[in-house]
Amino acid sequence: MFAAIHATPGDSEKLLRLAQEFSPLVEQTAADTVALDADGLERIHGLPQQIAAVLARRAVERGLQASAAIAANLDTAVHAARGFAGVSVIPYGDEAKYLGSLPLTLLGPTPEMQETLERWGIRRFRDLAALPELGLAERLGPEGLRLHKLARGAGDRPLAPVREPLHFEEEVELEYPLELLEPLMFVLAQLLNGLRARLASHGLATNELRLRLQLENRGEHARTLRFPVPMLDTKAFLKLLDLDLGAHPPPSPVVKVWLEAEPAKPRAAQTGLFIPIAPEPEKLELTLARLKALVGEGSVGSPELLDTHRPGAFAMRRYGDAETRRRGDTAARRQILRAIRPARAARVQMASGQPVHVHADGVRGHVVGSAGPWRTSGDWWTHDPWARDEWDIGLSDGALYRIYCEQGRWFVDGCYD
Amino acid sequence: MAAVALGRDFEFKVAGQEVCPTGVAQVDAAVGGLPQGCLTELYGPASSGRTSLMLAAMAQSTSRENVCALVDASDAFDPASAAAVGVRLERLLWVRCGGNAEHALKAADLLVQGGGFGLVVMDLADTPVITARRISMTSWFRLRRAVEHTPTVLLVVEQQPHAKTCASLTLEMRRERAVWSAAGDELHSLKSGAGCPAQAAILPHNRLLRGIRVHADRRKPVPAIAASFESRW
């Protein structure tokens with residue numbers, strides 16, 4: 001069973017989208033006509049008449065002025081949709097009877113053949129269908145036979161489905177500018193549901209969401225959310241967008257919204273009894289977003305040691321992106337340091353080249369044991385060189401600190417713990 | 001011998017509860033490890049080995065492919081020290097709270113509620129005692145309830161114990177003494193060591209800070225002397 005929808009020219013994109021809502025097997029026979037494989041739709045919508053009615057109703061909802069037809073073969077459905085207004089259901093076996101009144105131009109004959117048929121006085125489907133097959137073949141050849149078959153409603157051409165470009169984007173133009181995030185979230189939820197349905201119908205998920213907001217001041221606000229694994233959870237998407245827009249709100253009221261999803265194959269994972277526990281990627285992404293909203297974007301992630309001897313050099317990477325890197329000098333480290341960031345300025349008294357008293361904010365006392373100085377320097381070939389003398393000191397209160405002197409100024413670097 | 005006996009006693013009390021080793025043999029022998037699904041408190045003054053024990057537990061956990069989270073209230077975590085003791089940094093989620101204890105508490109709650117972590121550490125070691133004391137018992141109860149019946153170890157590092165009844169295991173850390181090498185003891189090894197910074201100048205009269213001798217006392221569930229070890233790696 002096939003269905004066809006014919007709409008006014010100029011709405012071909014909408015028409016294709018509409019057909020794809022019903023079936024993945026859709027053929028665009030002309031700019032203003034689409035046909036789809038309607039097998040199985042009766043289990044969802046009921047009788048063919050009801051299917052045709054649903055098609056027509058959805059077309060109206062999308063603002064299309066369309067006619068719909070259902071028939072046992074593809075060409076009959078297409079001709080009925082193009083020839084009759086409103087909803088048509090062509091019963092199996094009665095195709096010739098129903099199509100008989102349609103003009104021959106619907107069959108799309110070549111100009112020469114059209115002229116010949118007109119000279120013969122053949123203007124409607126029923127006229128052509130009434131001609132003897134053999135005589136028509138002798139005079140008009142195989143093309144004549146094909147038209148004859150179509151005019152009888154006996155076409156048996158298979159559907160040539162369009163390969164939908166994998167572009168998942170939804171947009172909505174708002175009736176009035178939205179200032180608050182909450183109503184915007186309602187709009188986004190609607191778009192996300194549409195995207196999710198389309199992705200799910202293709203058996204796909206997404207690992208990147210791109211949001212573009214057209215603002216009232218003619219500006220544009222764009223945000224991109226990347227996920228470590230392909231996801232298809234509308235609630236999670238909505239929460240992530242909510243958190244992201246909460247952290248980076250649009251500077252002006254929103255008048256138009258685009259939401260695009262990058263398609264990806266869904267994650268296939270098999271769990272096992274002996275696999276160590278790990279956070280679920282979807283949940284972890286939400287947790288990370290909430291943490292970022294709480295403490296700031298750059299304060300959540302995995303540390304990565306940099307390839308330098310500069311003390312305290314590391315970079316914060318997004319969790320999951322950090323590389324395994326061990327610095328050469330880590331093997332020589334013997335003490336566990338609690339860093340003081342930024343290093344605390346200190347006043348240090350020296351005697352015989354050794355520190356004897358340290359005074360800094362929260363760190364104060366006589367030095368009862370010390371080791372140093374350990375003179376280190378590096379990056380002298382860059383614009384940001386460093387050179388310092390480090391001391392390990394034990395204070396009278398029992399605590400152990402690392403202090404250093406750089407360009408004549410003393411700092412407390414951290415506490416050994 | 002006494003420590004081993006006390007360790008057995010502890011194991012009996014937490015029968016049926018999974019524990020994670022801390023990575024410090026003496027502490028593991030004495031207390032069995034850190035109980036999963038429970039809140040463990042680790043407290044003590046500066047230079048008492050709290051961070052050493054914390055990083056050892058993180059190294060153990062990450063070496064078993066678990067994911068660890070560190071909620072760092074005072075931004076005191078030193079990645080180089082952690083890497084040196086064997087923490088796999090790529091399996092560590094570090095949340096830097098910039099001195100805000102309230103954020104630390106919320107972050108720990110989010111992480112525990114999110115689930116899936118082998119070890120969640122809330123480091124309040126540099127948070128002033130007055131601030132830490134303001135954390136309400138409700139918050140501690142909430143954390144305890146969140147971690148219950150999960151395979152996660154929730155470890156809180158602080159200067160004084162605050163969780164009271166919410167903590168299943170409380171360890172007090174004390175420093176005994178700093179261990180300094182005698183003058184010139186380790187110069188030979190340092191000079192030939194591959195890890196010595198390329199431009200370090202080693203003066204012949206120097207000595208080295210070799211470690212801190214620390215003591216871990218179990219305060220809860222039953223007060224007992226647990227273990228003594230040197231925080232040197």
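These are my notebook entries on a predicted model, covering its confidence values and one sheet in chain A.

**Ground rules.** I number residues from 1 along each chain as its sequence is written, with chains lettered from A and ligands numbered from 1 in the order in which they are written. Since the model is predicted, local features need pLDDT of at least 70 and side-chain atom pairs count only at pLDDT 80 or more, while totals for chains, interfaces and linings use all residues.

**Confidence.** I looked up the scores of the model and found ipTM 0.83 and pTM 0.70. For chain B the mean pLDDT (the predictor's confidence in each residue, from 0 to 100) is 81, and 80% of the residues of chain B reach 70 or more. I noted that pLDDT stays under 50 over residues 1–15 of chain B, and likewise over residues 185–205 of chain B.

**The sheet.** I then followed an open sheet of four strands in chain A, in the order S6-S9-S7-S8 with antiparallel pairing; strands are DSSP runs (E, at least two residues), numbered from the N terminus, and two strands pair if DSSP finds at least two bridges between them. Strand S6 (168–178) and strand S8 (220–231) of chain A each have a single partner strand, so one side of each is left without a neighbour in the sheet.

**One pair.** I looked at S7 (residues 205–215) and S9 (residues 254–264) of chain A, which pair in the antiparallel sense over 10 bridges. Here A:Leu209 has A:Ala261 in S9(A) as its bridge partner.

Note on methods: Contact = placed C-beta atoms within 7 Å.
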